[in-house]
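Grab a coffee and open the viewer: here are a few exercises to work through, each with a solution you can follow step by step.

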Amino acid sequence: QRQMCIRDRLESIHWSRLIFGAIYGIMLAMALYNLIIGIFVRDSAYILYACQVTFFCFFIMSINGDGRYYLWSDYAEFNKYAIQAFGVLYVFFIILFPWYLLKLGKYLPKAKYLFYFLGTIELFFAACVLFLPYDTSMRIAVAISALFSPILLLTGLYLVYRRVPVAGIYTCLLYTSPSPR
């Protein structure tokens, strides 16, 4: 009976590793594809999206331990900050991406200061991650996400109202995707 449980558990781990490997591969292929497009068409939105996808991939790797096991196993000290660091960088690119994709400088010029403020908060938090205990930094991250999410949603909805190209798609995809905000 016990041997059967161990075998089932090993098979479950095997399939889990295969599925996560496929997810990581797809995400990194998406990031590389968008990076190449961004370089060739000289559009910052593609490059920012590639960064966002890459940092989200590393964030997920940090959460489930794959990053520690496969990528930075020799850097145990880094692992203490990996979840927070990749989470902060992921959110930073979430803030930058709509600015370039939706051309907020053109359609919503006063939002420039709001997005500068949000980016500054996120960068300040990125620096603080190195000094704060894990539980404190995660509470702050949740609070920042609670602040950012409605701002990004309202910005997207307003731009949909103003009939800005791709605003509807962006807003719909941003708030139906299963990613941490």
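**Exercise 1.** Are α4 and α7 roughly parallel or roughly antiparallel to each other?

*Solution.* Keep in mind that you're looking at a predicted model. Two packed helices are described by the angle between their axes and the distance between the axes.
- Step 1: get the geometry. Helix α7 covers residues 134–161 and packs against α4 at an angle of about 15 degrees, with the axes 11 Å apart.
- Step 2: apply the cut-off. Angles under 35 degrees count as roughly parallel, so α4 and α7 are roughly parallel to each other.
- Step 3: add the hand. The crossing of α4 and α7 is left-handed.
- Step 4: see who does the touching. From α4 come I83, Q84, V91, I94, I95 and P98, and they meet Y134, S137, M138, F148 and L152 of α7. Sorted by class, this contact of α4 with α7 has nine nonpolar, two polar and no charged residues.

**Exercise 2.** Zoom out and describe the overall layout of the chain.

*Solution.*
- Step 1: take stock of the secondary structure. The chain has eight helices and zero strands.
- Step 2: look at the dimensions. The C-alpha trace spans about 65 × 35 × 30 Å along its principal axes.
- Step 3: check burial. The chain has 181 residues, and 34% of them count as buried.
- Step 4: ask how far apart in sequence the contacts reach. Take the contacts between residues at least 6 apart in sequence: 62% of them join residues at least 24 apart.

**Exercise 3.** Work out how α2 and α4 run relative to each other, then go through their contact.

*Solution.*
- Step 1: α2 spans residues 44–64 and α4 spans residues 76–101; they pack at an angle of about 160 degrees, and their axes are 8 Å apart.
- Step 2: angles over 145 degrees count as roughly antiparallel, so that's the label for α2 and α4.
- Step 3: the crossing of α2 and α4 is left-handed.
- Step 4: on the α2 side, the contact residues include L48, Y49, F55, F58 and F59, while those on the α4 side include F86, Y90, F93 and F97. Class by class, the contact of α2 with α4 has 20 nonpolar, four polar and no charged residues.

**Exercise 4.** How many aromatic pairs does the structure hold? Classify two of them.

*Solution.* A pair of aromatic rings is described by the distance of the centres and the angle of the planes.
- Step 1: the count is 14 aromatic pairs.
- Step 2: take F55 and F93. Their ring centres are 5.6 Å apart and their planes sit at 10 degrees, so this pair is stacked. F55 belongs to helix α2 and F93 to helix α4, 38 residues apart, so to speak of distant parts of the chain being linked is fair. Both F55 and F93 are buried.
- Step 3: take F78 and F86. Here the distance is 5.8 Å centre to centre with 75 degrees between the planes, and the pair is edge-to-face. F78 is partly exposed at a relative accessible area of 33%, whereas F86 counts as buried at 9%.
- Step 4: put the rings together. Ring pairs link F55, F58, W72, F78, F86, F92 and F93 into a cluster.

**Exercise 5.** Repeat the helix analysis for α6 and α7, and then locate V91 and T155.

*Solution.*
- Step 1: α6 (residues 111–129) and α7 pack at an angle of about 165 degrees, with 11 Å between their axes. That makes α6 and α7 roughly antiparallel, and their crossing is left-handed.
- Step 2: L114, F115, L118, I121, E122 and F125 of α6 meet α7 residues including S137, I144, F148, L152 and T155. The contact of α6 with α7 has 12 nonpolar, two polar and one charged residues.
- Step 3: T155 lies in helix α7 and is buried, with a relative accessible area of 9%. Leaving out residues up to four places away in sequence, T155 touches L104, L108 and F115.
- Step 4: V91 sits in helix α4 and is buried too, at 11% relative accessible area. With the same sequence neighbours left out, V91 touches E122 and F148.
- Step 5: finish with a C-alpha distance. V91 and G119 are 28 residues apart along the chain, and their C-alpha atoms are separated by 9.1 Å.

Key. Residues numbered from 1 in each chain as written. Predicted model: local features only at pLDDT ≥ 70, side-chain atom pairs only at ≥ 80, totals over all residues. Heavy atoms only, no water. Axes fitted to C-alpha atoms, helices over the stretch in contact; angles between N-to-C directions. Helix = DSSP H or I, 4+ residues; strand = E, 2+ residues; numbered from the N terminus. Parallel < 35°, antiparallel > 145°, perpendicular 65-115°, else oblique. Left-handed = near helix turned anticlockwise from the far one by under 90°. Contact = heavy atoms within 4.5 Å. Nonpolar A, V, L, I, M, F, W, Y, C, P; charged D, E, K, R; others polar. Phe/Tyr/Trp six-rings, centres within 6.5 Å; stacked < 30°, edge-to-face > 60°. Buried < 20%, exposed > 50% of the residue type's maximum accessible area, 1.4 Å probe, protein only.
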